[in-house]
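Hello, and thanks for sharing this one. Here are my notes as numbered points, going from the ligand shell out to the fold and then to how the helices sit on the sheet.

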Amino acid sequence: MKKLNHKVAFITGGTKGIGRGIAESLLAQGMNIAITGRTQNTLDKTVEEINAQVDSSAKVIGIQADVSSFEDQQKAIAETVENFGKIDVVIANAGVGHFAAIEDLTIEQWKETIDTNLTGVFYTLKASLEQLKSQKGYFLSISSLAGTNFFKNGSAYNASKFGVTGFTQAAMLDLRELGIKTSVIMPGSVATYFNNNTPDESDAWKIQKEDIGQIVVDLLKMESRTLPSKIEVRPSFPSNK
Ligand SMILES: NC(=O)c1ccc[n+]([C@@H]2O[C@H](COP(=O)([O-])OP(=O)(O)OC[C@H]3O[C@@H](n4cnc5c(N)ncnc54)[C@H](OP(=O)(O)O)[C@@H]3O)[C@@H](O)[C@H]2O)c1
């Protein structure tokens, strides 16, 4: 996809953090964008803020859809196509983090982590597959460095992100035969609202949300013959913590 203007992207979890950073970067390239999240009020506020910040003739819309519901994903994809006529790029980004030792990790925390971070990625791809096939589109998932590196108190999150990394790489082999590009992006620390953080100046050493947006723009503009399928992203200066 050399020229991005007039292309359409569907991004799960676009109300804040990485999803919002990607939405802003793609909108600035002239792409029409649908973002999802769990509450319509938050989505409406986000759309208003993005429109005030990003100078673009393209449009952003907000659709309430929980990624852990396949029905919600189907409806959100249909609404995006109703609004924009097609979907070229799908970004499975929505995610949550619960971090606790096995003794303290609850059944509810485990289920929410797996249902959102792993099953949600499958539902997003499954619901959008026909669009991706007809557009010869691009599917991206946001995994994490926690998708190859395990750590204490990380069992649920590691399980979900190891799963997303494996799922996306295996799906890439299937989708490539259908003319669809697929990449998994695996960031380290990004300055977002993840895990009850509120980004401030102490997060300056981290990757910023617009940096992930830039990576997505670069991937979409890559020569069609070449596919960077797994991208690890780290802060350059972790010692500035
Ligand atoms: N921040 C990091 O250091 C980091 C590093 C590596 C990977 N990641 C991954 O990056 C992705 C985005 O996280 P973030 O850091 O940007 O966190 P964030 O600032 O907390 O944003 C999370 C986004 O996901 C949405 N979301 C959560 N559960 C959802 C659900 N069930 N259905 C639909 N949307 C849902 C939230 O929307 P609402 O709250 O409005 O519903 C929000 O837009 C996650 O997959 C995370 O695991 C983050």
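1. Let me begin with the ligand, bearing in mind that this is a predicted model. By class, the shell around the ligand holds 18 polar, nine nonpolar and three charged residues. If you plan to look at the shell in detail, you may like to have its nearest members at hand: of the 30 residues around the ligand, Gly13, Gly17, Gly37, Arg38 and Gly95 come nearest. Three elements give two or more residues to this shell, namely helix H1 (17-28), strand S2 (32-37) and helix H4 (107-135). Helix H1 gives the most, with three residues.

2. Next, the overall layout. The protein has seven strands and six helices, and from the N terminus on they run β-α-β-α-β-α-β-α-β-α-β-α-β.

3. How does the radius of gyration of the protein agree with that of a compact globule? A compact globule with 241 residues would have a radius of gyration near 18 Å, and the protein has 17 Å, which agrees. Taken along the principal axes, the C-alpha atoms fill a box of roughly 50 × 40 × 35 Å. Buried residues make up 44% of the 241 residues. Among contacts with a separation of 6 or more, 70% come from residues 24 or more positions apart.

4. Now the sheet. Its seven strands form an open sheet with parallel pairing, in the order S3-S2-S1-S4-S5-S6-S7. Strand S3 (60-64) and strand S7 (230-233) stand at the edges; each has a single partner strand, so one side of each is left without a neighbour in the sheet. From one strand to the next, the twist averages 15 degrees.

5. One strand pair can be followed at residue level. Strand S5 (residues 138-142) pairs with strand S6 (residues 181-187) in the parallel sense, over five bridges. Within this part of the sheet, Leu140 stands opposite Ser183 in S6.

6. Which strands does helix H5 lie across? Helix H5 (residues 155-176) lies across S5, S6 and S7, and runs at about 165 degrees to S6. Helix H6 (residues 209-221) also packs on the sheet, where it touches strand S4 (89-92), S5, S6 and S7. The direction of H6 makes about 160 degrees with that of S6.

Conventions: Residues numbered from 1 in each chain as written. Predicted model: local features only at pLDDT ≥ 70, side-chain atom pairs only at ≥ 80, totals over all residues. Near = placed C-beta within 6 Å. Helix = DSSP H or I, 4+ residues; strand = E, 2+ residues; numbered from the N terminus. Nonpolar A, V, L, I, M, F, W, Y, C, P; charged D, E, K, R; others polar. Rg over C-alpha atoms; globule rule 2.2 N^0.38 Å. Buried ≥ 20, exposed ≤ 12 C-beta atoms within 10 Å, placed from the backbone. Contact = placed C-beta atoms within 7 Å. Pairing = 2+ DSSP bridges. Axes fitted to C-alpha atoms, helices over the stretch in contact; angles between N-to-C directions.
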